Every structure is written in structure tokens, then in C-alpha cells.
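Thanks, everyone. I have one structure to show this morning, and I will go through it part by part. Please have the sequence and the model open.

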Amino acid sequence: MASFAITSCVEDDDYTIPSSLGDEENYALQELLDTATEVSFDYAKALYDSDPNDDGDNEDAIPYLVENEIYIKGYISSSDKTGNFYKELYIQNSAENPTSAMKVILDQVSNYNQFNKGREVYIKLTSLYIGEERTGSGVYTIGGDPEYDQYGGTVTTLNFNQIAENILRSETTEDIVPLNLTFAEITDQHVGMFVQIDDVEFADDLNGLQYFDPIEVYDTARTLQSCSGFGYDTFILETSSFADFKAYDLPTGNGSIKAVVSKTFDASSYVLALNSVDDVDMEGTRCSLLNLDDFATLFEEDFESMSTGSAISSNGWTSYAQVGTYNWRALTTTDSGNPGPGNIIASMGAYGSSTDENIAWLISPAIDLDAQGIEFVNFQSSNSFSDNSELEVLISTDWDGTTANVASATWTTLPAIIAGDDEFYQDWFDSGLINIGSYSGSAGYIAFKYIGGYPSSGDIDGTFEIDNFKILGEN
């Protein structure tokens with residue numbers, strides 16, 4: 001009997017990744033598939049978002065106890081093999097082109113032995129909680145019993161028994177294909193996903209430094225940057241003090257990085273976290289910023305020559321009321337800030353229109369996008385009590401110039417900075433230099449699309465104002 005007990009045990013120092021499963025885990029997985037219902041990640045997240053008090057939200061951050069026989073299936077995107085993750089797993093809903101991801105916290109280390117990156121896992125949600133590890137983080141987390149304090153509720157780590165009963169592996173391990181993104185595209189939706197950022201490098205002032213700063217205690221934030229026209233887009237790479245690569249020198253070239261999207265401890269910003277330095281490939285030449293001296297003004301408009309009070313129709317501009325009767329018009333501003341009182345600006349607001357919906361377009365003259373290598377758009381905007389009305393900045397290369405075909409043309413939203421609802425009505429905001437160099441054609445148009453209205457509730461009737469519009473092109 002003693003001999004049997006010894007030979008039937010698995011040694012604690014066996015760190016090989018299992019390619020097959022034991023009978024017990026196979027039976028448990030098959031029973032789950034036979035008796036429970038698979039739900040999507042978004043369905044599981046919505047359980048936490050549901051309001052326990054039926055008042056329309058979950059502001060009290062009350063973790064949700066799953067009582068139904070349901071499970072989710074996903075693929076592990078993180079690995080603690082290098083020590084850069086601790087007592088946590090990130091899983092995404094597909095090995096390639098994922099659309100959703102979640103976090104699992106568990107009271108277990110060296111998880112890569114059992115839950116290796118790419119492993120297909122089935123998480124039995126029954127009797128587990130869905131919530132957040134830290135209140136207000138916005139990171140959907142699967143965990144054990146809830147804890148409460150003055151800020152709300154959080155979930156705790158899964159214990160040994162819950163891990164064994166609720167996190168079941170299949171024999172499948174997939175190659176996780178990183179989701180290719182830019183820094184600007186990363187949102188809450190991507191937290192937990194394995195992503196790739198191209199044309200990236202570490203900030204100029206980090207040359208000669210390592211991934212981890214030895215004066216730090218827990219984590220070190222290093223700035224990544226990518227050239228974006230005349231300036232840099234930046235992001236943070238966060239490295240744990242327990243990472244086995246913490247003393248490695250940061251690469252000095254440009255290239256790509258593959259990592260898991262996460263958040264800082266206080267959830268104030270997004271960060272990237274490496275599974276391994278093997279996912280960093282920065283051997284190329286560092287990028288170079290554009291020089292403003294190399295660009296000429298292709299078109300500019302300050303609206304000063306326009307007649308005030310009527311729909312804008314001069315200097316090649318087109319104003320078109322798609323829905324409703326109110327339209328973009330030139331007005332003399334009384335604002336004390338830029339552009340200052342007495343200046344003429346383009347303005348659109350639905351207040352007093354007596355229509356439930358107003359959609360109005362202000363479209364620039366045609367710009368030849370093939371005549372130079374790269375172009376940028378720039379303008380200033382303000383709002384006067386925008387009251388939930390919206391302003392979009394769009395580009396089209398197939399509009400034929402007629403108002404009858406505005407809505408049927410292909411319009412793409414541009415990433416402009418636009419004055420928002422919460423801003424002081426006399427303040428003006430610069431859009432930034434918006435790169436439109438990827439578009440081609442002999443006639444490209446920039447449009448400002450206003451969406452509002454003046455229903456009885458009166459809460460989408462605000463005004464947006466535009467001034468100092470210009471398009472820059474490379475000489």
C-alpha cells in the first residue's frame with residue numbers, strides 16, 4: 001500500500017505542460033458540457049452590470065453571484081512563467097480576432113504549468129461571483145466570495161477547490177494571434193487581450209535603462225512611443241519587480257511589441273504587460289517626426305469674408321440640412337476667448353428649431369489628395385451648452401459634390417479633438433493635426449456633421465462652432 005501511494009503521486013516539481021488530461025478532469029468537462037449552457041463573455045459581463053436594486057445601474061458595485069448552470073469558453077492570453085503576472089489569468093473569447101476578454105483571480109502561483117498561454121478553458125460560472133478586483137476599475141473579474149467596504153464590493157481569489165471544480169481545461173492549446181492595434185485604439189474592451197503594436201519604440205530618455213527601476217518596489221512604468229505626424233503617441237509598459245527579465249536593458253530601436261492590455265493598480269490608465277521579452281522585437285531604425293517647415297497650407301478658412309446670418313454657401317463650402325431646417329451659418333462671436341469677440345465663425349445649433357431632430361452638414365471644398373505625399377487637417381471648435389448634441393468630423397473621397405448624395409456617400413470618422421459637453425462655452429479647443437495621408441483621390445472632402453434636435457425635452461439642442469480650418473500638405 002505504501003508503495004502504491006508513493007508511485008501514484010505527481011511530483012510537486014513537475015512543471016511540464018500537460019498535453020492530455022486525466023480521467024477526472026475529462027469527466028468533469030464532459031459533465032459540464034452535457035448539463036450547463038454556454039454563454040458569451042458579454043453576457044457574463046452584463047450580469048455584473050445588472051442592477052440588484054432595479055434602479056438602472058450598479059453604482060454600489062455589488063458582485064453578482066451566478067446561480068444558473070452556465071459557463072464561458074475562452075483561451076488564456078497571459079502567462080506567469082516569467083513572473084510578470086501574479087495570481088491572475090486573462091482569458092479572451094477567441095484565439096484570433098477576439099471581441100471580449102475577462103480576468104480571473106486565483107489563489108495559486110505558477111499557473112502557466114496548468115493554465116498555459118493559449119489553453120482552451122471552460123469556466124463554470126455557477127457559484128462564482130462576477131465583479132471587480134478593485135472597485136471602479138472597470139475590469140470584469142471572475143472570483144470567489146465578495147468583500148465590501150465604503151467604496152462598494154469586490155471579488156476575492158478563487159481557492160484551491162474552486163479552481164479544481166470551476167476552471168476546466170480541454171486538451172486544446174491554440175496559438176494566440178495578437179490583435180493588431182494602435183495605442184489610440186485601445187479601450188476597456190481590450191483589457192485582457194493579447195495585442196500587437198507596430199512601429200513603436202521606447203521613449204528617447206530611456207536609453208541605457210532596464211525594464212524595471214531598482215528603486216521601485218512593485219511595478220515600473222516605462223513609456224512607449226510611436227511617431228504620429230508632428231508628435232508622439234505614447235503608452236505605458238508596466239513591469240513587475242518579480243519579472244525574471246526586469247534587469248534586461250530596454251531595446252533602443254523601433255519595431256513591434258506583443259503584450260496583454262491591463263490597467264494600473266488604481267485603474268487610472270491602460271498599460272501593456274509582457275508575457276515574455278521574446279514578444280519584443282525592436283531592431284529597426286527609430287522613427288522620425290515630421291517637420292512643420294516641410295508643409296504648406298493647401299486651404300484655409302477663417303469665415304471672416306462670409307455674410308452672417310444665412311446658410312454658409314461661399315468659398316466652396318456646402319451646407320446641407322439632411323433632417324430639419326436649421327443649417328450651418330456664419331455668425332459673429334461674442335466669446336471673450338479665442339477667436340475673440342467680433343470674429344466670424346461657423347455655427348450650428350438646434351435650439352428653437354421646433355423639430356425633434358436636426359442633422360446638418362458643413363462640407364469643405366474639394367482637396368486633391370494625390371497632389372502631395374501627406375496631408376493634415378486642423379481646426380478649432382467650441383460649444384455653447386451642447387446639451388448632448390453631437391458633432392462628427394468625417395472624410396469622403398467618393399462624394400460627387402451634390403447635396404442629394406451627401407447621405408449616400410462613404411464617410412469615415414476622423415479622430416479629432418472636439419469641444420465637449422462639460423467644457424466652458426467660451427473656450428475653444430484645437431483639433432490637433434489629423435493625418436489624412438492614407439486617403440487618396442483627386443477630390444477629398446472634410447465634413448462637420450451636427451446631430452441634435454429640439455424635442456419637448458429640450459436636451460439635444462446645443463450649439464457647436466468651428467473656426468480657423470486649414471489643410472496642410474507636404475511640399
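A disulfide, as I use the word here, is a pair of cysteine sulfur atoms within 2.5 Å. This is a predicted model, and by that rule the count comes to one disulfide. The bond joins Cys227 to Cys287, with an S to S distance of 1.9 Å. The torsion about the S-S bond of Cys227 and Cys287 is about 85°, so the disulfide is right-handed. Cys227 is in strand β14, while Cys287 is in the loop between β18 (280-284) and β19 (295-301); the two are 60 residues apart, and the pair links distant parts of the chain. Cys227 counts as partly exposed, at 24% relative accessibility. For Cys287 the value is 24% as well, and that residue also counts as partly exposed.

Now the chain as a whole. The secondary structure comes to four helices and 30 strands. Of the 475 residues in the chain, 48% are buried. Taking contacts between residues at least 6 apart in sequence, 71% join residues at least 24 apart.

Next, the strands. One open sheet is formed by five strands, in the order β20-β23-β29-β25-β26, with antiparallel pairing. Which strands stand at the edges? They are β20 (318-323) and β26, each of which has a single partner strand, so one side of each is left without a neighbour in the sheet. The pairing of β25 with β26 is antiparallel and runs over two bridges. In that region, Leu394 stands opposite Thr413 in β26.

A second pairing is that of strand β16 (residues 254-263) with strand β17 (residues 270-273), which is antiparallel over four bridges. Ser262 has Val271 in β17 as its bridge partner. β16 and β17 form a hairpin with six residues between them. In the turn, Ala267 has a positive phi of about 60°.

On to the aromatic residues. A search of the whole structure finds 21 aromatic pairs. In one of them, the rings of Phe202 and Tyr211 have centres 6.0 Å apart and planes at 90°, so this pair is edge-to-face. How accessible are the two partners? Phe202 counts as buried at 1% relative accessibility, and Tyr211 is buried with a relative accessible area of 3%.

Another pair is Trp399 with Trp411, where the ring centres are 6.2 Å apart and the planes are at 45°, so the pair is tilted. Trp399 and Trp411 both lie in the loop between β25 (390-396) and β26 (412-413), so the pair ties together parts that are twelve residues apart in sequence. Both Trp399 and Trp411 are buried.

There is also an aromatic cluster, made up of Phe299, Phe303, Trp317, Trp328, Phe379, Phe448 and Phe469.

Two lysines belong with the rings. The charged end of Lys117 sits over the ring of Phe194, 4.0 Å from its centre. Lys246 lies over the face of Phe212, at 5.8 Å from the ring centre.

Lys117 comes up again at Ser79. Where is Ser79? Its place is in the loop between β3 (70-76) and β4 (88-92). Is Ser79 buried or exposed? Buried means under 20% relative accessible area, and Ser79 has 13%, so Ser79 is buried. Its side chain reaches the backbone nitrogen of Lys81 at 3.2 Å. Leaving aside neighbours within four places in sequence, Ser79 is in contact with Phe85, Tyr112, Lys117 and Asn275.

The last residue is Leu209, in the loop between β13 (194-202) and β14 (219-228). Leu209 has a relative accessible area of 32% and is partly exposed. What does Leu209 touch, not counting residues up to four places away in sequence? The residues are Arg222, Tyr248, Asp249 and Leu250. Leu209 and Ala247 are 38 residues apart in sequence, and their C-alpha atoms are 8.8 Å apart in space.

To return to the start: the disulfide between Cys227 and Cys287 is right-handed, and the model is a predicted one. That is what I have.

How values were computed. Residues are numbered from 1 along each chain as its sequence is written. This is a predicted model: local features need pLDDT of at least 70, side-chain atom pairs count only at pLDDT 80 or more; totals for chains, interfaces and linings use all residues. Side-chain values use heavy atoms; hydrogens and water are left out. Buried means under 20% relative accessible area, exposed over 50%, partly exposed in between (1.4 Å probe, protein chains only). Contact means heavy atoms within 4.5 Å. A polar contact is a pair of N or O atoms within 3.5 Å; within protein, one must be able to donate a hydrogen and the other to accept it, and residues adjacent in sequence count only if both atoms are side-chain atoms. Rings of Phe, Tyr and Trp (its six-membered ring) pair if their centres lie within 6.5 Å; planes under 30 degrees apart count as stacked, over 60 as edge-to-face and the rest as tilted. A charge sits over a ring if NZ of Lys or CZ of Arg is within 6 Å of the ring centre and within 35 degrees of the ring normal. Two strands pair if DSSP finds at least two bridges between them.
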